[in-house]
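Student: Please take a close look at one part of this model with me, and then go on from there to other places worth describing. I would like one connected answer.

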Amino acid sequence: MNAVQLFLQGDAVTRSVALLLLAMSVGSWVVILWKSWLLHRASGDVVRCVAAFWQSATVAEALQKLKAFDREALVVPMVLATKIEAPGTLAAAGDKSQQLTRVLRDALHAALTKLQHGQVLLATVGSTAPFVGLLGTVWGIYHALTGIANAGQVTIDKISGPVGEALIMTAAGLAVAIPAVLAYNVLGRAIGRIEAELEGFARDLRELASSQSARPA
């Protein structure tokens, strides 16, 4: 009996578990494909943006170049953050270095939040899908043994068939979880590389903005 027949002949619990695993699988693969594309593009964009920024003569010229490269809006908000002024507020309190640290930290956190989007889903699917499949297996075995007991005859061939069919749920749970776990780790490393690049740029940008503000008019 294949998985489709098991689904069609199963009860409400079996079908619910199967549908939940299907939803987990579809959701995780959508995130995997989307994030793989996004991180691949973002990685190249960040490298190009950083190079273009330091090759520019002025910050204004650099912003014009970055707008063409920064398709995921990871670098431009950091540069714009150094221009924000709010006189008369607590945001403007303290020296310029402290203000730059705060605004760049906020811009960096916003960029990292965008990069991390979807990772929670992959982690959740990877950690829970095996147990969802195990639930389907336990229920399937219980249902099969109950049917055999009601039939009045217990033989190995009558037990092995239903139990083997129920174990499909465990295999399905693992098939859903393994790609999610692998993708979570691989994508996490890609995010870490981009994060390191952005943090280095933020530090250099802070030093540049601090030195420019310290120059006499």
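Tutor: Alanine 73 sits in the loop between helix H3 (59-69) and helix H4 (76-81). The model is a predicted one. Although alanine 73 is not a glycine, its phi is positive, at about 55 degrees. Its relative accessible area is 34%, and because the range from 20% to 50% is called partly exposed, alanine 73 is partly exposed.

Next come the aromatic rings. The count of aromatic pairs is three. One of them joins phenylalanine 53 and phenylalanine 201: the ring centres are 5.2 Å apart and the planes stand at 90 degrees, so this pair is edge-to-face. The label follows because planes over 60 degrees apart count as edge-to-face. Phenylalanine 53 belongs to helix H2 (residues 12-54), while phenylalanine 201 belongs to helix H8 (residues 168-214), so the pair ties together parts that lie 148 residues apart in sequence. Both phenylalanine 53 and phenylalanine 201 are buried.

Tryptophan 54 also pairs with phenylalanine 201. Here the ring centres are 6.2 Å apart and the planes are at 70 degrees, so this pair is edge-to-face. It links distant parts of the chain, with tryptophan 54 in helix H2 and phenylalanine 201 in helix H8, 147 residues apart. Through such ring pairs, Phe53, Trp54 and Phe201 form a cluster. Within this cluster, tryptophan 54 is partly exposed, with a relative accessible area of 40%, whereas phenylalanine 201 counts as buried at 2% relative accessibility.

Helix H2 holds another residue to look at, leucine 19. Together with Leu22, Val26 and Val30, Leu19 makes a nonpolar surface patch of about 370 Å². At 48% relative accessibility, leucine 19 counts as partly exposed. That value fits the patch rule, because a residue in a patch needs over 30% relative accessible area.

Glutamine 119 makes a contrast to the patch. It lies in helix H6 (residues 119-151). Its relative accessibility is 4%, so glutamine 119 counts as buried. What is glutamine 119 in contact with, leaving aside its neighbours within four places in sequence? The contacts are Lys35, Tyr184, Leu187, Gly188 and Ile191.

Definitions and conventions. Residues numbered from 1 in each chain as written. Predicted model: local features only at pLDDT ≥ 70, side-chain atom pairs only at ≥ 80, totals over all residues. Heavy atoms only, no water. Helix = DSSP H or I, 4+ residues; strand = E, 2+ residues; numbered from the N terminus. Buried < 20%, exposed > 50% of the residue type's maximum accessible area, 1.4 Å probe, protein only. Contact = heavy atoms within 4.5 Å. Phe/Tyr/Trp six-rings, centres within 6.5 Å; stacked < 30°, edge-to-face > 60°. Patch = residues over 30% accessible without salt bridge, like charges linked within 9 Å, V, L, I, M, F, W, Y side chains within 5 Å. Areas by Shrake-Rupley, 256 points an atom, 1.4 Å probe, with all protein chains shown as cover. Salt bridge = Lys/Arg side-chain N within 4 Å of Asp/Glu carboxyl O.
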